[in-house]
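Student: Please take me through the terms applied to this model, setting each value against the cut-off behind it.

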Amino acid sequence: MSDAREAIALVYDGGEQAPTITAKGEGDLAEQIVQLAMQYEVPIYENADLARMLARMELGDQIPEALYRTIAEIIAFAWYIKGKRPKGFDPDGGKEKPLQLENRKEE
């Protein structure tokens, strides 16, 4: 087993297809993948065990059904921190929003 850093890149467009592996590598190639992600402000999630599992797959493969929930949680968090929401998403579940206090500047 190698101790070199591994990196996997996934793409997901929010459609009906499962996320797909678009890049993978270890060592220097992994570092290049991470640097590109940082350059384009792509959220990075570090999990060595998950990376090892996904590294066994081929480029263009969709993630296996057994990993749907794990990957969905990661993607949901990445979307959240980038301010994205799925179409029709209602974070309050239809509940009335609480009143907000206004910030007033003192003159």
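**Terms and values**

Student: Which residues of H2 are buried?

Tutor: In H2 they are Leu-50, Ala-51 and Leu-54, where buried means under 20% relative accessible area, exposed over 50% and partly exposed in between (1.4 Å probe, protein chains only).

Student: How do you know on which side of H2 these residues lie?

Tutor: The buried residues of H2 cover an arc of only 100 degrees around the axis, which puts them on the same side of the helix; the arc is that of the directions from the helix axis to the C-beta atoms. They pack against E1, E2 and H3, with contact meaning heavy atoms within 4.5 Å.

Student: What do such values rest on?

Tutor: The model is predicted, and local features need pLDDT of at least 70, while side-chain atom pairs count only at pLDDT 80 or more, although totals for chains, interfaces and linings use all residues. Residues are numbered from 1 along each chain as its sequence is written, and side-chain values use heavy atoms, with hydrogens and water left out.

Student: What makes a stretch of the chain a helix or a strand?

Tutor: Helices (H or I, at least four residues) and strands (E, at least two) are DSSP runs, numbered from the N terminus. Under that rule the protein chain has three helices and two strands, in the sequence pattern β-β-α-α-α.

Student: Why is the length of H1 said to agree with expectation?

Tutor: The expected span of a helix is 1.5 Å times one less than its number of residues. For the twelve residues of H1 that should give 16 Å, and the end C-alpha atoms are 16 Å apart, which agrees.

Student: How do you know that H1 has a buried face?

Tutor: Ala-30, Ile-33, Val-34 and Ala-37 are the buried residues of H1. Seen down the helix axis they fall within an arc of 95 degrees, so they line one face of H1. What covers them includes E1 and E2, whereas the face turned away from the buried side carries the exposed residues Asp-28 and Gln-39. After H1 comes Glu-41, with a positive phi near 55 degrees.

Student: What makes H3 comparable with its expected span, and how do you know where its buried residues point?

Tutor: H3 has 14 residues and reaches 20 Å from its first C-alpha to its last, close to the 20 Å expected at 1.5 Å a residue. Ile-71, Ile-74, Ile-75 and Ala-78 are buried in H3. These four cover an arc of only 95 degrees around the axis, which puts them on the same side of the helix. They pack against E1 and H2, while Arg-69, Phe-77 and Tyr-80 are exposed on the face of H3 turned away from the buried side. Just after H3, Gly-83 takes a positive phi of about 80 degrees.

Student: Why is Thr-20 called buried?

Tutor: Thr-20, in strand E2, has a relative accessible area of 18%, which means that it counts as buried. Leaving aside neighbours within four places in sequence, Thr-20 is in contact with residues including Ala-9, Leu-10 and Gly-60.

Student: Why is Glu-6 put in another class?

Tutor: With a relative accessible area of 27%, Glu-6 is partly exposed; its place is in strand E1. Beyond its neighbours within four places, its contacts include Ala-30, Ala-51 and Ala-55.

Student: What makes an open space here a pocket, and which residues lie nearest the centre of the largest pocket?

Tutor: On a 1 Å grid over the protein atoms alone, a pocket is an open set of points where a 1.4 Å probe fits, with protein on both sides within 12 Å along at least five of seven lines, and lining residues have an atom within 4 Å of a point. The largest pocket is lined by 42 residues, of which Ile-8, Ala-9, Leu-10, Pro-43 and Tyr-45 lie nearest its centre. H3 supplies the largest share of that lining, eight residues.
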